[in-house]
Amino acid sequence: MSKILCVASGKGGVGKTLLAAGMACCIARRTSNKVILIDADPSGKTAELLVEPGARAKYGWVEYINGVPTPAGRRDVLLEECLAKSTLAENLYIIKSTSAEALVYGGSDYSEDYVSEKVLLFQRFIERFSDFAFVVIDLPATVTSDHIAYSTLFRTVLVSSYTLPEIMAVKNFKESVEKWVNARRREGIMINHRIEGVIANKVEDVKEAERVAEIVNLPLLGAIPYSVQVEKALERKVPITVYDLDDPASVAIDEIARKLSGLESYEYEVRGERKRRELRGREVFESWKSRKRFGFNLLRLLKSVKKSR
């Protein structure tokens, strides 16, 4: 049985895709079993980080569910036409979304029956990957009834950065999910709803991360410090967890992936790495501050040498 984890937010630009892609790579490194990332965000940015342009699949999961039009009529899309193998790990696969069309265009314009039908199709699609050990789903950032429903299907974590507008957007998404679930339960539909907690991204220290969790009113699952290396990794179109393994943001994502995947100890070599990673995870902000101090002191030294000349 696959372990399925959804990554969601209530607003774009908070680091949801960064976390989903980074965690998928970290989990793939920790196991020899197959791992798949399903990009349910119509922006399609996750695929850009994990698969080279020439290796990307022609179709996405929306076409798999809806089929594609042909002169002879609409035809079904095979799963093999959607599945792409990542160039970053032998056991990592990805299925992209599609920017051409969304499964449901703006939940409010459709009946609940229509949304429920499409959500059920999405759930059945995910269940096709029972032979994969781990399934990571990058959910859409927008708040529509179908996107809310996706987050009630499986275990979900929310991502937010430290600014108040982004925190409130995530809180609004969480409350919208709870409202949707309560409405279904009043109708007698039992939903195994589970939001694990929140991950604070681009934070300066632990206090900022705790503030995010307090406002959203969810357990704090992890904190990812701000790092300029993340931007450099995005320019290269690779996750930070591949671009720089020792960067504090990379270490933090690896620790979050370890915690959420349940891969506490896999082999001796991995356990040895995990012990070091855990130590770095506890000291991630101290490490980041040390790098800042080192850079500042180096700059001051170079200026003094220049003046002495």
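**Close-up views of a predicted model**

**View 1. C6 is buried, with a relative accessible area of 0%.** Buried here means under 20% relative accessible area, with exposed over 50% and partly exposed in between (1.4 Å probe, protein chains only). This is a predicted model, in which local features need pLDDT of at least 70 and side-chain atom pairs count only at pLDDT 80 or more, while totals for chains, interfaces and linings use all residues. Residues are numbered from 1 along each chain as its sequence is written, and side-chain values use heavy atoms, with hydrogens and water left out. C26 is buried too, at 0% relative accessibility. How far is the sulfur of C26 from the closest cysteine sulfur? That sulfur sits in C25, 6.9 Å away, which is too far for a bond. The disulfide count for the structure is 0, a disulfide being a pair of cysteine sulfur atoms within 2.5 Å.

**View 2. W61, F125 and I137 sit in the largest nonpolar core.** A nonpolar core is a set of buried Ala, Val, Leu, Ile, Met, Phe, Trp, Tyr and Cys residues joined through side-chain atoms within 4.5 Å. This one has 49 residues, and W61, F125 and I137 touch the most other members. Helix α6 (residues 164–186) supplies the largest share of the core, 6 residues. Apart from this core lies another, of 43 residues, including V35, I199, I240 and L263. Helices (H or I, at least four residues) and strands (E, at least two) are DSSP runs numbered from the N terminus. Leaving out residues up to four places away in sequence, the contacts of I137 (heavy atoms within 4.5 Å) include C6, V7, I38 and F154. In soluble globular proteins, nonpolar side chains tend to be buried together.

**View 3. Strand β2 (residues 35–39) pairs with two neighbours.** β2 and strand β6 (residues 92–95) run parallel and are joined by 4 bridges; two strands count as paired if DSSP finds at least two bridges between them. Opposite I36 stands Y93 in β6. With strand β7 (residues 134–138), β2 pairs in the parallel sense over 5 bridges, and F134 is the bridge partner of V35. Because 5 of the 5 residues of β2 are buried, the strand is largely enclosed by the rest of the structure. Its two faces are both covered, with V35, L37 and D39 buried on one side and I36 and I38 on the other.

**View 4. Helix α1 (residues 16–30) is largely enclosed by the rest of the structure, as 14 of its 15 residues are buried.** Its end C-alpha atoms are 21 Å apart, in agreement with the 21 Å expected at 1.5 Å a residue. That expected span is 1.5 Å times one less than the number of residues in the helix.

**View 5. K174 is a lysine in helix α6.** Is K174 buried or exposed? K174 is buried, with a relative accessible area of 8%. A polar atom of its side chain lies 3.1 Å from the backbone oxygen of V216. Beyond four places in sequence, K174 touches L158, I195, V216, N217 and L218.

**View 6. A249 lies in helix α10 (residues 248–261).** A249 is buried, with a relative accessible area of 1%. Not counting residues up to four places away in sequence, A249 touches I224, P225, S227 and V230. Q229 is 20 residues from A249 in sequence, and their C-alpha atoms are 8.4 Å apart.

Technical notes: Polar contact = N/O pair within 3.5 Å; in protein donor to acceptor, adjacent residues only side chain to side chain.
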